[in-house]
Amino acid sequence: MDDEAREQRLLTALTTEHFVRQTSRGATVTESVGRTTVFLSLLSAALIGLGFVSSSGHLIKPYLGAVLPALIITGLLTFARLVQNMVENALDLKRIQRIRAYYHRQFAGEHDFFADAVTGGGDMQTIVAAVGGSRSRWQLLLTMAAMVGAVNTLLIGLGATLLAGVASGSATLAIAVGVVVALVAFAAQLAHIKRASMWLGG
């Protein structure tokens with residue numbers, strides 16, 4: 001096989017790979033939105049149910065005891081999958097940028113087509129910035145995973161507050177315990193996102 005034929009086949013393969021990776025990114029984002037929507041819908045339904053039972057004081061504790069653990073478990077599972085989706089999406093984006101860099105080197109000539117794919121190195125912060133993201137570390141707080149993590153924090157803090165209130169009988173102590181547990185839970189979830197981002201080289 002001569003060089004021209006090999007180059008043509010490589011270009012065909014890269015074009016196909018580019019399309020597959022872009023489709024994969026779309027599917028990943030769609031799944032993330034779907035999972036987040038299901039979780040928030042479940043939370044909304046639980047709050048509506050709480051409104052119905054709030055008029056009967058003796059039903060509130062059994063209701064929360066049944067619903068709150070289910071919400072926390074669902075939230076943590078949703079969070080874990082959203083982090084996986086974030087990693088998959090970032091890997092797809094990284095591979096797309098490598099293909100775009102090849103397009104630039106081989107075909108752009110004096111034009112600046114795909115130039116963003118070859119400037120600033122191949123680290124994830126540069127790649128994310130090329131598609132409109134931020135280089136700031138605070139960018140992690142803008143992900144769907146962080147949003148679900150924040151909701152999980154509220155649910156976990158509420159659960160800790162209720163348990164501490166039942167155990168101690170002191171509202172002040174219960175609130176203090178809930179706040180501390182919530183902060184620890186949020187920090188742990190952010191650390192998990194950060195570890196995933198570091199694994200990507202971001």
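Does L163 count as buried or exposed, and at what relative accessibility? At 64% relative accessibility, L163 counts as exposed, given that exposed means over 50% relative accessible area, buried under 20% and partly exposed in between, with a 1.4 Å probe and protein chains only. L163 sits in helix α4. Its C-alpha lies 9.7 Å from that of G65, with the two positions 98 residues apart in sequence.

A word on the model comes next. The model is predicted, so to speak of local features takes a pLDDT of at least 70, side-chain atom pairs count only at pLDDT 80 or more, and totals for chains, interfaces and linings use all residues. Residues are numbered from 1 along each chain as its sequence is written, and side-chain values use heavy atoms, with hydrogens and water left out.As for the overall fold, the protein has five helices and zero strands, where helices are DSSP runs of H or I with at least four residues, strands are runs of E with at least two, and numbering starts from the N terminus. From the N terminus on, the elements simply run α-α-α-α-α. Of the 202 residues in the protein, 32% are buried.

Helices α1 (residues 3–53) and α2 (residues 57–108) have axes that come within 8 Å and cross at roughly 165°. Here an axis is a line fitted to C-alpha atoms, for helices over the stretch in contact, and angles between N-to-C directions run from 0 to 180 degrees. The pair is therefore roughly antiparallel; that label applies over 145 degrees, while under 35 counts as roughly parallel, 65 to 115 as roughly perpendicular and the rest as oblique. The crossing of α1 past α2 is left-handed, meaning that the near helix is turned anticlockwise from the far one by less than a right angle (clockwise would make it right-handed). The contact between α1 and α2 has 24 nonpolar, 14 polar and 11 charged residues. In this count Ala, Val, Leu, Ile, Met, Phe, Trp, Tyr, Cys and Pro are nonpolar, Asp, Glu, Lys and Arg are charged, and the others, Gly among them, are polar.

Two residues help to place this pair of helices. A27 belongs to α1 and, at 46% relative accessibility, counts as partly exposed. A27 and N85 are 58 residues apart in sequence, with 9.6 Å from C-alpha to C-alpha. Y102, in α2, is buried instead, with a relative accessible area of 13%. Between the C-alpha atoms of Y102 and L11 there are 9.3 Å, although the two are 91 residues apart along the chain.

Helix α4 (144–168) pairs with both of these helices. The axes of α1 and α4 come within 11 Å and cross at roughly 20°, so the two are roughly parallel. For α2 and α4 the axes come within 9 Å and cross at roughly 155°, which makes them roughly antiparallel to each other. Left-handed crossings turn up for α1 with α4 and for α2 with α4.

The second largest pocket has a volume of about 210 Å³. A pocket here is an open set of points on a 1 Å grid over the protein atoms alone, with protein on both sides within 12 Å along at least five of seven lines, and lining residues have an atom within 4 Å of a point. Grid points are joined across faces, edges and corners, and the volume is the space filled by probe spheres set on the points. The lining includes I60, K61, L64, G65, L68, P69 and I72, along with T161, L162, G165 and V166. The elements giving two or more residues to this lining are α2 and α4, and α2 gives the most, with seven. By class, the lining has seven nonpolar, three polar and one charged residues.

Conventions: 1 Å grid on protein atoms, 1.4 Å probe; cavity = no way out; pocket = protein on both sides within 12 Å on 5 of 7 lines; lining within 4 Å.
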